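Student: I would like to go through this entry with you. May I begin with a single residue and then move outwards?
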Amino acid sequence: MKRIALTTAASAAATAAFAAPALAQSLDESINAAFASSTGWFVNLIFSPFPGTSFPWIVGWLVVAATIFTVYFGLIQFRAFPHSIGLVKGDYSDPNDAGEVSHFQALATALSGTVGLGNIAGVAVAVSIGGAGATFWMILAGLMGMASKFTECTLAVKYRNELADGTVSGGPMYYMTKGFKERGLPGGKILAVLFAVFTILGSLGGGNMFQANQAHAQLTNVFGDFPGVITGVIFAAIVFAVIVGGLKSIASVTEKVVPIMGVLYVLTALVILGMNANMIGWAFGQIIDGAFTGMGVAGGVAGALIQGFKRAAFSNEAGVGSAAIAHAAVRTKEPITEGFVSLLEPFIDTVVICTMTALVIIITGQLITDPATGNYVLNEAGSAIQTVDGNSGVALTSAAFSSAFGWFSYILAIAVILFAFSTMISWSYYGLKAWTFLFGESKGSALTFKVIFCLFVIIGAAASLGPVIDFSDAAIFAMAVVNIIALYLLMPIVKKELNSYLSRLKSGEIRKYQ
Amino acid sequence: MSNTIVVAYDGNDSAKRALAFAVERAKVISGNVVVAHVLEWSPYKFLTPQEIEERHARRQDELSRAEAALLTPVKEEYASSGVPISTVIKYGHVSETLIKLATAEGAVQLIIGRTGEGALSSRLFGSVAGTLAQTCPIPVTIVP
């Protein structure tokens, strides 16, 4: 997830960036007031901590679910990992199906929806509050999350709707209705409607306004302050051209550039690590030490653990059900193969990319430690670790990379904007699927949603809508509440698919081509 | 030994000449002709979620369009030639796919037209005819 919301640093940066025109501000204030009073209870409910701790129960909900799926499917993320790679490489693809969407394409598209701000800014927030040790817990949560993704994506393909014109619609709302019916469970329709409503809200908020907001913040960093309406209108026009006008060229340019940016990011991180190869052992020592001692961070070990778990969950969206919508559209004979492919997403997103960010921040010495005790030096409020220039969020990552390569801050600014754009495109699709589930598959209903989506791009960039963004974040996590209930009830179906597939793989009925 | 001749066909003039040439050759060796049309496709091209959703429908559409516009007219045109003609549509990298097909058919030769690719683009990326001439394991005839 490309979001660093819920962090004071992010919202402060966003607020500072929006010295929008007076009109937008008054509109802004009235929307804020209306929203805060009517939705505050919902936001508080979703993000309330366990009594007596600062651990949000929703993060616990995601991690517990990931653990249960990991155990229930017998460490599927490790057992099936080589097979997943084989599927993505196309080893098991029938050459006669060439021209259909490949597993690689499905994975790349789903990844472009999740890799982004969360990997760049979210991780910086995690290590600046939770220390190096947060990285350990983040990796662990990422590894567990692979099982959640596997479960939801398998179900999404199995229970999708195929339309007469050959297109498909799928996602949690379809497995909730069809899967529950098949198992004779009540309440599927209610869950599905709830999920669809939360998805629409999440897509307009976290998947849209927040992205526009952050993109504008980045632009003002580079070009100086200017009204957000300008960014909003330009972004909205481009999004409109892609999702309403079907302008393929822009989408395909983005879809090409985003993976290149991702690869460039990881390569640069690897080069920086290579230049400091002698410190890698030390960095991992810090990560392990921090994970079990806390090294003096606020909240100690628990503080590091909360930050790590939180950022992993926010970054890879495992259990939220969003990626399930993207994967459902892929045509495959075996639903479970999409599950296998999707379990690579949290791995790439969290275990690889997020870890790179964390290692670079640690190795370039951005976090200040006390040479006498080896513990971190906290800031005056005692809430976060002191960093070299007092940076946090994107700025911290940018400073860490720039300390090795000065030009990297420009690359990072471009990357943030492109990531924001590709997330908008992905979430416009998730929102659209939820919308057509509720209001029918007609052209008119789809167009209505797309136009609403574009309007929200402008609103998101033009104003600082703290409460609205809090609410949309809460909506995304509310998706996870509903989705995981359904996953618990439907996981025996996935188990049956898994056993059948694995036995056919063993017997040689499913084999490699070539 | 089979007397199959594979001819790459995309409907342009040089492809038509290549096909006519292939049919003549087939008459001489009393062989048959496989007319192959390859749609350029990479499994590594990036797609948007919307494109992924529509891909299957589009593929069906592309296949039926190629069949109707290219291959059916060929079959009709050469129905009375006395040479057995079959057609096939494939997706993939053009020269690789043609080589795979020719090998699978056990063809004795592969005939292609010299397409009018621009000088610059063929210098940069290589032409299909040039690639085939260098890499195809069976004899290749390039018809101007």
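Student: Is B:Leu132 buried or exposed?

Tutor: This is a predicted model, and in it B:Leu132 is buried. The cut-off for that class is 20 or more other C-beta atoms within 10 Å, and B:Leu132 has 21.

Student: Where is B:Leu132 found?

Tutor: B:Leu132 lies in helix H5 of chain B, which covers residues 128-135.

Student: Which residues does B:Leu132 touch, leaving aside those up to four places away in sequence?

Tutor: The partners of B:Leu132 are B:Ser95, B:Leu98, B:Leu110, B:Ile112 and B:Val140.

Student: And B:Ile111, how far apart in space are B:Leu132 and B:Ile111?

Tutor: From C-alpha to C-alpha, B:Leu132 and B:Ile111 are 10.0 Å apart, with a separation of 21 residues in sequence.

Student: Let us turn to chain B as a whole. What does its secondary structure come to?

Tutor: Chain B has five helices and five strands. Read from the N terminus, the order of its elements is β-α-β-α-β-α-β-α-α-β. The radius of gyration of chain B is 16 Å, and the globule rule gives 15 Å for 144 residues, so chain B is as compact as a globular protein of that length.

Student: What does the C-alpha trace of chain B span, and what percentage of its residues are buried?

Tutor: Along its principal axes, the trace of chain B spans about 50 × 35 × 30 Å. Of its 144 residues, 35% are buried. Among contacts in chain B between residues at least 6 apart in sequence, 75% join residues at least 24 apart.

Student: Now chain A. How many helices and strands does chain A have?

Tutor: Chain A has 21 helices and two strands. Its C-alpha trace spans about 60 × 55 × 45 Å along the principal axes, and 57% of its 514 residues count as buried.

Student: What radius of gyration does chain A have, set against a compact globule?

Tutor: The value for chain A is 22 Å, which agrees with the figure near 24 Å for a compact globule of 514 residues. As for its contacts between residues at least 6 apart in sequence, 81% link residues at least 24 apart.

Student: What is the average pLDDT of chain A, and where does it stay under 50?

Tutor: The average for chain A is 82, and 90% of the residues score at least 70. Over residues 1-21 of chain A, pLDDT stays under 50, and the model has 64 contacts beyond four places in sequence for that stretch. Where pLDDT is low, the predicted coordinates should not be read in detail.

Student: Another topic: at what angle do helices H7 and H8 of chain A cross?

Tutor: The axes of H7 (residues 117-130) and H8 (residues 133-158) of chain A cross at roughly 130° and come within 7 Å. That angle makes H7(A) oblique to H8(A).

Student: Which residues make that contact?

Tutor: H7(A) contributes A:Ala126, A:Val127 and A:Gly130, and H8(A) contributes A:Gly133, A:Ala134, A:Thr135 and A:Met138. By class, the contact has four nonpolar, three polar and no charged residues.

Student: Lastly, how many residues of chain A are in contact with chain B?

Tutor: There are 27 residues of chain A in contact with 21 residues of chain B. On the side of chain A, the elements giving two or more residues are helix H6 (103-114), helix H12 (248-275) and helix H19 (408-439). That side of chain A divides into 13 nonpolar, nine polar and five charged residues.

Note on methods. Residues are numbered from 1 along each chain as its sequence is written. Chains are lettered from A and ligands numbered from 1 in the order in which they are written. This is a predicted model: local features need pLDDT of at least 70, side-chain atom pairs count only at pLDDT 80 or more; totals for chains, interfaces and linings use all residues. Two residues are in contact if their C-beta atoms, placed from the backbone, lie within 7 Å. Helices (H or I, at least four residues) and strands (E, at least two) are DSSP runs, numbered from the N terminus. Ala, Val, Leu, Ile, Met, Phe, Trp, Tyr, Cys and Pro count as nonpolar, Asp, Glu, Lys and Arg as charged, and the others, Gly among them, as polar. Axes are lines fitted to C-alpha atoms, for helices over the stretch in contact, and angles run from 0 to 180 degrees between N-to-C directions. Angles under 35 degrees count as roughly parallel, over 145 as roughly antiparallel, 65 to 115 as roughly perpendicular and the rest as oblique. pLDDT is the predictor's confidence in each residue, from 0 to 100. A residue is buried if 20 or more other C-beta atoms lie within 10 Å of its own, exposed if 12 or fewer, and partly exposed in between; C-beta atoms are placed from the backbone. The radius of gyration is taken over C-alpha atoms; the globule rule is 2.2 Å times the number of residues to the power 0.38.
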